[in-house]
Amino acid sequence: MRRLWCVWTLWATGCGQALGKRAPDDVPLRALADKAGLVVGAAVSWEPLQQDPGYAALAARHFHVLTPENALKWAPIEHTEGARDTRRIDDIARFAARNGQSLRGHTLVWDLEIPSWVDTADAHALDAALVSHMRATLSENRGRVGVWDVVNEALADDGQRAPTVLHNALGEPHIAQAFRLARAEDPDAKLFYNDYGVLWPGPKADGLLRLVDSLQAQDVPIDGVGLQSHVHLVPEGRLDHAGIRANLKRLGERGLELHLSEVDVRVADLAGGHTGRLLAQAQAVYGLVDACLDEPACTTVTFWGISDRYSWVDRTIGPDDPLLWDDDLVPKPALFAVQDALRGKPWRGCSDSLLDGSFEAGAAGFSSTGGRASVERGGTSEGRHRLVVTDRTEAWHGPQVDASEWLAEGLDYRISAKVKVPKGAPVNATLRIEDAAGTRYVSVAAAQGTGAWQALSGVVALDLHAPVGSVHWYVEGPPPGQDIELDGVVATVACPSG
Ligand code: XIL
C-alpha cells in the first residue's frame, strides 16, 4: 500500500522509476495562492493551536486567513450571562497577527450555539441579548476581523426561510437588522451571509438568490456570500462542476464577493480502496478551487480545518477523512490537487500512474492468474523489461495486479497497457471484483492480437458494494499454450479532457 503512495508523496525513493516523478512540495499554499490571485484560509481550533505544534505550524505557514472554528460563536464566548470569555479568540487573534494573517469572523447570528441562559421564548429578551452580543463581539474584534459571517444558515433546504428559533421569535427583519448593526459597529469589515447546500444549483441556491435580492433591494449592507461547501461524495452522484460554476456566476452578477467558506469533502461512503477515495476527494477539491479561480467574484477558499486528526466531521457525523492533511499531518492527494489548481495546472491525478507497470524494477506487484509470470529483459514495448506469462492452461490465465487500494467509486479510471499476443488471438483487459455483491467481471478493453506490441486501453467507472474484498486488473483471452507479454501498464484517473 505504501508503494501506491509513491506517486503522491515521495521523490524517487525506491518506488520504481516510473513513479515518484514529483518532488515533495512544501511551498506554502498562500504563496501559490498569491500568484493565482486567491485568498486561502482554514478554520482553526483553539485547543490544537495551543497543544499541537505540527498543526500550529501548518496553520501558520499555509493560510492567509484563519476562521476561528468555534471561538467567536455566542455560547463559547458568553457561556454565563455577562461574563464574556474572550481568551480563546484573543489567543487565536495573537497567533494570526504573529503570522501576518487576518481573521474571518464566524458567526454572529446563528440558530445554533445560543447560550442556554438566553430565553429564546421571549422575543424581546432574545432580541436584546442578541444585539448586545453582536455589539460586544464586533467591537472586541474591530480591526482584526476582516470579514464577518453576519448571518449563518437562515435558509431551509427548500430555499424558504428556515423555521429557526431566531426567525420564529424575531421575524424576517432580523437579518437586515443584523447587517445594518454590523456595518454600524464595524464599518471596515466586509459583511457576508453564509450557508450550506447552496454551492450547486437547486431550490436552496435559488432561495439564497431571492434572499440576496431582497436584502439588496432594501439597501442592506451585504458584501458577500459564503458558500460553505461541505461536500459529501456518494456513489450515486458526482459533483456537478458545471452547475457550481453557473451558480457562482449568477451570484457574482449580483455584485457580491463569494467565498467557498467551509470546504471539506467526505469520502467514507464511497466503496473501494482508501487511496481511491482520497483520489475522488482530490478531484473534487481541484474542481472547487478551479471553479473559484475561474469566477472573478470568488476571492477566497477556506477549508473547514487542516488535518483529519481534528475534523468536526469525525465528531459530528462519523469517521471520515475530509481535509488536506491526514491524521499524521501528512499531505494528502487533496493538498496536491489544491497546489495543482493554484498553479493553473491540470490535476495530476489524470496523468500520474497509480502503479508501476514498467517492470524496470521487477514485477512490482504483478503476478498471474495462472501459468507462470516472469520479468524478462529485452524484446520490450517501451522499456528494457517486460512481464511474460507462460505455461498458460486456461484462456483466463494471464498477468494480473491488485487494484483494490486505488480503485473506488466516484471516479472513472483509465487503465492502459501494451500487450503482445499471437496474431488473431483474442486479448482482453478485465477487472475481477469480489465484493458484497459477489464475484463480477468488468471488461476494460478488448482487442485482437496483431502478433506485435499493441495498446489495450479502456476507461472504467465502478459500481462497488462495500465491503470490497478485492479488485484485480488482469489480461486474458488467448488460447491455452500461447504466451501473453505485458509492458507499460499505466493507470490514472480518467479526466474529461483525456
Ligand atoms: C462546527 C464546528 O466545526 C464544530 O467544532 C462545532 O462543534 C459545531 O460547529 N457549519 C458551520 C460551522 O457554519 O460553524 C460548523 O462548525 C460546521 C457547519
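This report describes the overall build, the nonpolar core, one central strand and one buried glycine of a predicted model.

**Overall build**

The protein chain contains 14 helices and 19 strands, and its C-alpha atoms fill a box of roughly 90 × 45 × 35 Å when taken along the principal axes. Of its 498 residues, 56% count as buried, while the accessible surface comes to about 19,400 Å², with 51% of that area belonging to carbon and sulfur atoms. Among contacts with a separation of 6 or more, 76% are accounted for by residues 24 or more positions apart. As for charge, the chain carries 47 positive and 66 negative charges, and the mean positions of the two sets are 6 Å apart.

**The largest nonpolar core**

In soluble globular proteins, nonpolar side chains tend to be buried together. Here the largest nonpolar core holds 140 residues, of which F179, L260, Y413, L431, W473 and L486 touch the most other members. Helix α12 (residues 274-294) supplies the largest share of this core, with 11 residues. For F179, the contacts beyond its neighbours within four places in sequence are V150, V151, L191, F192, Y193, L215, V220, P221 and I222.

**Strand β8 and its partners**

Strand β8 (residues 257-266) is mostly covered, since 10 of its 10 residues are buried. The strands that pair with β8 are set out below, each with one residue pair.

| Partner of β8 | Sense and bridges | Residue pair |
|---|---|---|
| β6 (residues 224-227) | parallel, four bridges | V225 with L258 |
| β7 (residues 230-232) | parallel, three bridges | H230 with D264 |
| β9 (residues 298-303) | parallel, four bridges | L260 with V301 |

L260, whose bridge partner in β9 is V301, is also one of the core residues that touch the most other members, which links the description of this strand to that of the core.

**Glycine 398**

G398 lies in the loop between β12 (385-390) and β13 (399-402). Is this glycine buried or exposed? G398 counts as buried because its relative accessibility is 0%, and the cut-off for buried is under 20%. Leaving aside neighbours within four places in sequence, G398 is in contact with S367, S368, T369, G370, V389, R392, V475 and I484. One of these residues, S367, is 31 residues away from G398 along the chain, and the C-alpha atoms of the two are separated by 8.4 Å.

Key
Residues numbered from 1 in each chain as written. Predicted model: local features only at pLDDT ≥ 70, side-chain atom pairs only at ≥ 80, totals over all residues. Heavy atoms only, no water. Helix = DSSP H or I, 4+ residues; strand = E, 2+ residues; numbered from the N terminus. Buried < 20%, exposed > 50% of the residue type's maximum accessible area, 1.4 Å probe, protein only. Contact = heavy atoms within 4.5 Å. Core = buried A, V, L, I, M, F, W, Y, C linked by side-chain atoms within 4.5 Å. Areas by Shrake-Rupley, 256 points an atom, 1.4 Å probe, with all protein chains shown as cover. Lys, Arg positive; Asp, Glu negative; His and termini not counted. Charge placed at Lys NZ, Arg CZ, Asp CG, Glu CD. Pairing = 2+ DSSP bridges.
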